[in-house]
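Q: I am new to this structure and would be grateful for a close look at a single helix. Please describe the part itself and then its surroundings.

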There are 2 protein chains.
Amino acid sequence: MIRKLIFTPLLFLSLVIYGQNEIEQTLEKIHQTSLLEGQSYEWLRHLSNQIGGRLSGSLNAERAVEWGKAELDELGLDRVWLQPVMVPKWIRGTFEYANIETSPGNTVNVPICALGGSVATPLAGIRAEVIEVKSFEELKSLGEQKVEGKIVFYNRPMQADLVNTFSAYSGCVDQRYSGAEQAAKMGAVGVIVRSMNLRLDDFPHTGSMSYGDLPLKKRIPAAAISTNGAELLSSMLALNSTLKFYLKQNCKNLPDVQSFNVIGEIKGSTYPEEIMVVGGHLDSWDLGDGSHDDGAGVVQSMEVLRLFKKIGYQPERTLRVVLFMNEENGQRGAMKYAEMAQKNAENHVFALESDAGGFSPRGFSIDTTSDKLEIIQSWEKYFEPYLIHLFVKGGSGADIDDLKSGANILAGLRPDSQRYFDFHHASNDTFDAINKRELELGAAAMASLVYLIDSFKL
Amino acid sequence: MIRKLIFTPLLFLSLVIYGQNEIEQTLEKIHQTSLLEGQSYEWLRHLSNQIGGRLSGSLNAERAVEWGKAELDELGLDRVWLQPVMVPKWIRGTFEYANIETSPGNTVNVPICALGGSVATPLAGIRAEVIEVKSFEELKSLGEQKVEGKIVFYNRPMQADLVNTFSAYSGCVDQRYSGAEQAAKMGAVGVIVRSMNLRLDDFPHTGSMSYGDLPLKKRIPAAAISTNGAELLSSMLALNSTLKFYLKQNCKNLPDVQSFNVIGEIKGSTYPEEIMVVGGHLDSWDLGDGSHDDGAGVVQSMEVLRLFKKIGYQPERTLRVVLFMNEENGQRGAMKYAEMAQKNAENHVFALESDAGGFSPRGFSIDTTSDKLEIIQSWEKYFEPYLIHLFVKGGSGADIDDLKSGANILAGLRPDSQRYFDFHHASNDTFDAINKRELELGAAAMASLVYLIDSFKL
């Protein structure tokens with residue numbers, strides 16, 4: 001009895017120590033491999049510089065699908081396939097232009113871009129007076145008479161004192177997404193939205209918008225204006241409330257077209273029916289090359305599987321990388337993937353998305369039961385050498401959200417968010433805004449979390 | 001007795017809650033003020049774009065002193081003064097140039113820059129064979145015969161798998177600092193050092209070097225080569241070990257000149273004799289405009305005092321901002337400040353330096369007794385809303401290190417380090433590499449720590 005009492009704790013202790021050492025060593029190997037022999041940065045260089053912006057339905061989106069499949073084929077996974085999905089097709093067209101006219105013929109050009117999904121202006125453009133508001137409430141309080149025939153200018157800035165810039169984004173994005181619908185209902189002829197950007201600069205930031213259930217003939221054109229442009233327009237309106245704004249754009253909505261989610265997997269050695277997903281979205285907006293949104297997430301997700309191959313780690317559960325199509329303006333890829341998962345009665349025990357930029361990883365946002373969250377939070381110690389501290393309860397990612405079931409775990413990589421909206425949906429979201437090490441550390445953080453989930457069978 | 005037992009914990013609890021709320025509210029106010037009404041970014045815009053690189057002894061350094069004093073005067077502090085200090089004066093001269101000659105007349109230019117403190121080459125330059133080494137040990141093992149008459153090329157790269165890039169820097173910088181001294185002792189005629197940079201690019205990175213006690217006539221010219229240049233030179237040497245390297249530079253060491261530390265203070269309301277210092281260094285290298293190194297630290301330190309004024313916080317101890325002169329190539333400002341502090345028997349209870357770039361703040365490195373460290377670490381909870389988690393034992397900053405006494409507290413701001421060496425001492429360390437929010441969050445983190453130190457009288 002005494003012997004047993006002494007022996008058991010010692011054995012237990014040595015198992016724990018061995019386990020900890022193994023975990024620490026694996027995380028170290030993952031990080032070393034990503035930083036010293038990583039592929040993510042070179043993958044992104046190709047995706048960004050050789051393919052470029054890849055809006056759903058575009059030729060570039062199809063080139064990205066081909067590239068993604070070819071690269072996954074190269075990795076020697078157990079299975080690589082394309083999952084067909086119909087996606088919306090919106091094109092920016094050949095021109096978009098705006099100016100402020102303070103008196104006849106006296107104009108100042110301002111940088112604008114059509115919002116994704118917007119209708120065109122008439123060929124000659126629209127010229128109208130502007131009514132500036134900060135919210136839908138303010139718009140409604142004005143009454144239809146003051147709005148009718150005018151261009152509504154939504155100018156509520158992102159709240160700079162929120163440390164998490166995604167919270168600041170959430171607090172503003174209603175203007176972009178539903179601004180046209182709300183303004184059209186009150187008789188406005190067009191909508192200009194202050195770009196979702198915390199800096200003052202000259203880049204207009206596009207993004208998705210919806211007309212809700214407005215009939216076609218009621219839809220009005222919507223464009224984003226750069227933050228500097230918004231400040232200028234606002235200050236000129238203060239001096240001259242009857243100035244005219246001129247907007248011309250020939251973007252267009254076309255019928256849906258066929259596209260694909262790109263999927264690859266390493267079959268689990270012990271629990272092949274239990275699926276872990278890592279993913280990002282392959283489509284991007286068309287203005288830049290989508291390096292941060294979400295080229296980074298795409299290559300980091302691919303890198304997770306490559307790192308496991310490279311360090312010789314065979315997951316016990318099936319590990320799948322999914323490059324989702326059409327996150328930006330429809331989330332059709334996400335819906336299709338979830339639909340097929342349900343149809344095939346697949347068991348998704350875990351999904352992790354990277355769709356918040358390729359910046360220094362700070363941790364994860366985790367959507368699961370409180371007991372599982374607590375276990376994951378206890379792993380923080382393993383991540384401390386890599387300066388990763390955030391293991392917070394919260395949302396995961398737009399592409400994996402539909403995979404939520406009672407007991408499974410969804411997570412989102414949380415990189416440093418301070419610079420993200422400098423680039424988000426704008427023409428400066430390009431490869432030069434990516435730091436190689438930050439990208440690689442993000443991939444390593446993702447691989448580390450997947451490894452722990454697989455090891456502990458959470 | 002029972003009553004007392006019940007009452008005491010309640011009273012204690014309410015005091016604790018009140019104190020916590022006050023702390024949380026003050027930190028929130030500090031962060032809001034820095035992010036919404038901060039001055040640090042506009043200060044830095046001026047220092048970087050209107051003054052520019054400000055190497056000790058240069059006209060720009062003197063302009064920076066005047067600017068710093070004028071701006072502190074504007075803040076309405078209790079006292080602002082200049083502390084005279086003699087500083088070294090080294091000038092880059094009018095040309096620096098290098099090429100690789102694979103056969104007579106067949107040359108490839110490579111980007112180099114003289115190291116700070118280096119002697120010039122003869123006017124006609126030097127042309128010699130190259131011997132590549134990775135360390136002083138390797139150099140010594142070659143023996144004098146193989147080194148004599150040659151240019152020594154130090155090509156040990158920064159270790160990319162170290163997450164803390166400052167550790168990678170520490171592991172390499174001996175090549176830059178002492179490489180010429182070591183090579184000269186073995187009869188080399190010049191030294192080329194791989195730039196301390198984790199990226200492969202075309203920027204040569206300068207930095208200080210020393211000849212130790214080598215007599216003047218034994219000193220050999222030393223230059224940094226860009227990482228791309230180093231890779232090229234190394235691969236060409238592998239093909240042709242007798243290629244020639246040509247180096248020409250006319251930098252120069254001049255006699256010491258007068259300069260100044262710029263100092264301002266808010267007198268402590270209760271303990272004026274207990275001094276808390278925040279600081280950065282006003283000098284910079286000459287290639288860029290020193291925005292990250294250390295314009296950021298300068299304006300963040302100034303901002304700490306401005307934030308206290310702005311939110312109406314009167315420190316109980318004396319709070320002093322010190323803009324140190326000559327950190328880069330002599331640390332004379334730091335030595336002078338410490339000398340005068342000792343001479344005047346000043347009691348420095350706390351000093352905090354920001355000299356690691358203007359990136360997202362991650363925490364602090366703290367040099368103090370273990371009991372005080374433990375108390376500071378217990379404050380982590382107050383910093384969590386601002387995503388600041390690091391409170392680690394470690395060095396503080398080169399300018400405040402000499403203020404160490406038995407029981408006082410020295411600290412260094414620790415921003416995210418991934419991008420720092422992309423810019424460090426190179427011509428791309430310019431204002432456009434600064435993100436406004438990251439800079440402001442750093443200033444707020446510093447002010448928060450100073451506030452807590454002042455409140456708890458640590």
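A: A residue is called exposed if 12 or fewer other C-beta atoms lie within 10 Å of its own, and buried if 20 or more do. By that criterion, A:Glu42 and A:Gln50 are exposed on one side of helix H2 of chain A. The model under discussion is a predicted one.

Helix H2(A) covers residues 40-51, twelve residues in total. From its first C-alpha to its last, H2(A) reaches 15 Å, close to the 16 Å expected at 1.5 Å a residue. The buried residues of H2(A) are A:Ser40, A:Tyr41, A:Trp43, A:Leu44, A:Leu47, A:Ser48 and A:Ile51. Seen down the axis of H2(A), these buried residues fall within an arc of 160°, and they therefore line one face of the helix. A:Glu42 and A:Gln50, the exposed residues named above, are on the other side.

What does the buried face meet? The buried residues of H2(A) pack against three helices of chain A: H3 (59-74), H9 (291-311) and H14 (436-456). After H2(A) comes A:Gly52, which has a positive phi, near 95°.

Beyond this helix, chain A also contains an open sheet of eight strands, in the order S3-S2-S9-S5-S6-S7-S8-S4, with mixed pairing. Its edge strands are S3 (106-109) and S4 (112-114) of chain A, each of which pairs on one side only. From one strand to the next, the twist averages 35°. In general, strands of a sheet pair through backbone hydrogen bonds, either parallel or antiparallel. Edge strand S4(A) pairs with strand S8 (residues 222-225) of chain A in the antiparallel sense, over three bridges. Within S8(A), A:Ala223 is the bridge partner of A:Ala114.

Another helix is associated with this sheet. Helix H7 (residues 173-185) of chain A lies across strands S6 (151-154), S7 (190-194) and S8 of chain A, and runs at about 155° to S7(A).

Finally, there is the relation between the chains. Chain A is superposed on chain B by a rotation of 180° with 0.0 Å of shift along its axis, at an RMSD of 0.0 Å. That is the relation of a two-fold axis. The residue of chain A that comes closest to the rotation axis is A:His389, whose C-alpha is at 3.5 Å. Of the interface residues of chain A, 100% are also interface residues in chain B, so the copies meet through the same surface.

Note on methods:
Residues numbered from 1 in each chain as written. Chains lettered and ligands numbered in written order. Predicted model: local features only at pLDDT ≥ 70, side-chain atom pairs only at ≥ 80, totals over all residues. Helix = DSSP H or I, 4+ residues; strand = E, 2+ residues; numbered from the N terminus. Expected span 1.5 Å × (residues − 1). Arc of directions from axis to C-beta. Contact = placed C-beta atoms within 7 Å. Pairing = 2+ DSSP bridges. Axes fitted to C-alpha atoms, helices over the stretch in contact; angles between N-to-C directions. Least-squares fit on C-alpha atoms with pLDDT ≥ 70 in both.
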